Structure formats: structure tokens, C-alpha cells
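Please open the model in your viewer and keep the selection panel at hand, since the tour moves from one selection to the next.

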Amino acid sequence: MITLARWTTRTFDHTLPLGLYPAVLERLRGTPARAAELLHQFSKPLRYWRAAPSWSAQQHIGHLDDLHDLDMRRLQDYTSGAAVLSAADMTNRKTDEADHNAVSTDVLLERLRAHREELTRRLEELDETQAARTARHPRLQRPMRVIDWMYFVAEHDDHHLASAREILRTARGAA
């Protein structure tokens, strides 16, 4: 099986036409349902299984919700005309300290669903001028339009869903 590349090695070309905005928005909207479908395929012990220092599948999904505050700050950065997007905590301290394995899967998934619904509702309200705004991404050091950032978030979602699936497969083999 091919091993998933590290997230921080990814590059992006930012060439999506604005006409794909609704499709990328739909992809963001679908993450909680895909996360729920993935986690509910496996028993609780497998969802919580981890090989340190890796996260469990449940922690990967919790991490997506942990980024809600950053996503909302970055959306505010765009709407306020900021030149640079708010920086992420690349140490992922919030996820490491959250103890997502102590929370029921249904509670975790509901929180992700509610937060993603809030984000996508706000993104849906942008007009074409607002959606075309740019700001520099602090880690990638390049300008991103709103649609580019949305695609970046969707790719990050998929990265963690794929990571969670890999861990679940490993956990099933270790059980």
C-alpha cells in the first residue's frame, strides 16, 4: 500500500476557477458525513487505538474540529481585507491536549458537523467580489484566494480522513 505523504510537504497551484466555488463548498460541507461514515465502520476500541506518537482515528477527526476557530479567523481575515491569513499552530497543541478519545464519537462528530455548517453557511454568503479576495498564507508564503483556501481546507480534511483510515486498518490488524 502507498503511504500517505506528510501534510507539510504538500504544495498547491491555486488555479481553480471561481466557477468551482459551489463544488468546493459542497466538499467542505460533506466532511462531517464522511468522517461519521468512516468512524462508525469500526468499534470503539479501534477508533481510539494509537501507536504513539501518532493520533488515533478519533483524534484525527477531532483535529479537524479543533481547526474551526482558525478557519473562522481566516474567513474574517478575508472579509476584513487582511494582507496575511492568521497562522496555524503547527505544533497542534490544541489537538494534543484535547483528549478526543475521552469524548464519545457521536459528540465529537456532532460538534464537527455544527462547526462545519457554520463555516459553510458563512462561505455561502460571500459574493463574487468577496470570494475573489486574496491574502498571503503564512506557511506557504503565497497569496490565496478564498476558493484556494477552501480547497486547502478540503485537502487537509481528506488528508486526515485518509490518515484515520490508515490507522483504523492498522488497528484492525493489531487486534
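How do the residues of the lining of the largest pocket divide into nonpolar, polar and charged? They divide into 15 nonpolar, 12 polar and 8 charged. Please keep in mind throughout that this is a predicted model.

**Stop one: the largest pocket**

Select Trp-7, Asn-92, His-156, His-159 and His-160, which are the closest to the centre of the largest pocket among the 35 residues that line it. The space in this pocket comes to about 790 Å³. To see which elements surround it, colour helix 3, helix 4 and helix 8, the elements that give two or more residues to the lining. Helix 8 gives the most, with 10 residues.

**Stop two: the second largest pocket**

Next, select His-63, Asp-66, Leu-67, Asp-69, Leu-70 and Arg-73, and add Ala-87, Ala-88, Asp-89, Asn-92, Lys-94 and Thr-95; together these residues line the second largest pocket. Its volume is about 180 Å³, and the elements that give two or more residues to its lining are helix 3, helix 4 and helix 5, the last of these spanning 93-98. Here helix 4 gives the most, with 3 residues. By class, the lining of the second largest pocket has 4 nonpolar, 3 polar and 5 charged residues. Asn-92, listed in this lining, is also one of the residues closest to the centre of the largest pocket.

**Stop three: helix 3 against helix 8**

Now show helix 3 (residues 57-66) together with helix 8 (residues 146-174), whose axes lie 8 Å apart and which pack at an angle of about 170 degrees. The two helices are therefore roughly antiparallel to each other. For the contact itself, select Ala-57, His-60, Ile-61, His-63 and Leu-64 on the helix 3 side, and on the helix 8 side His-156, Asp-157, His-160, Leu-161, Ser-163, Ala-164, Ile-167 and Leu-168. The residues of this contact comprise 7 nonpolar, 5 polar and 1 charged. His-156 and His-160, which take part in the contact, were also in the first selection, among the residues closest to the centre of the largest pocket.

**Stop four: helix 4 against helix 6**

Hide helix 3 and helix 8 for a moment and bring up helix 4 with helix 6, which pack at an angle of about 10 degrees with their axes 10 Å apart. Helix 4 and helix 6 are therefore roughly parallel to each other. In helix 4, select His-68, Asp-71, Met-72, Leu-75 and Gln-76; in helix 6, the residues that they meet are His-115, Arg-116, Glu-118, Leu-119, Arg-122 and Leu-123. Sorted by class, the contact of helix 4 with helix 6 has 4 nonpolar, 3 polar and 4 charged residues.

**Stop five: the cavity**

How many cavities of 30 Å³ or more does the structure hold? There is 1, and about 40 Å³ of space lies in the largest cavity. Select its lining, which is made of Leu-64, Asp-65, His-68, Asp-71, Leu-112, His-115 and Arg-116. Helix 3, helix 4 (68-80) and helix 6 (105-124) are the elements that give two or more residues to this lining, and the largest share, 3 residues, comes from helix 6. By class, the lining of the largest cavity has 2 nonpolar, 2 polar and 3 charged residues. Several of these residues return from earlier selections: Leu-64 belongs to the contact of helix 3 with helix 8, while His-68, Asp-71, His-115 and Arg-116 belong to the contact of helix 4 with helix 6.

**Stop six: an aromatic pair**

A search of the whole structure finds 2 aromatic pairs. To view one of them, select Tyr-78 and Trp-149, which form a tilted pair with 5.9 Å centre to centre and 45 degrees between the planes. This pair links distant parts of the chain, with Tyr-78 in helix 4 and Trp-149 in helix 8, 71 residues apart.

**Stop seven: two backbone details**

Most residues other than glycine have a negative phi, and most peptide bonds are trans. With that in mind, select Ala-52 and Pro-53, where the peptide bond from the former to the latter is cis, with omega near 10 degrees. Pro-53 lies in the loop between helix 2 (44-48) and helix 3. Finally, select His-14, which has a positive phi of about 55 degrees although it is not a glycine; His-14 is located in the segment before helix 1 (21-39).

Conventions
Residues numbered from 1 in each chain as written. Predicted model: local features only at pLDDT ≥ 70, side-chain atom pairs only at ≥ 80, totals over all residues. Heavy atoms only, no water. Axes fitted to C-alpha atoms, helices over the stretch in contact; angles between N-to-C directions. Helix = DSSP H or I, 4+ residues; strand = E, 2+ residues; numbered from the N terminus. Parallel < 35°, antiparallel > 145°, perpendicular 65-115°, else oblique. Contact = heavy atoms within 4.5 Å. Nonpolar A, V, L, I, M, F, W, Y, C, P; charged D, E, K, R; others polar. 1 Å grid on protein atoms, 1.4 Å probe; cavity = no way out; pocket = protein on both sides within 12 Å on 5 of 7 lines; lining within 4 Å. Points joined across faces, edges and corners; volume = space filled by probe spheres on them. Phe/Tyr/Trp six-rings, centres within 6.5 Å; stacked < 30°, edge-to-face > 60°.
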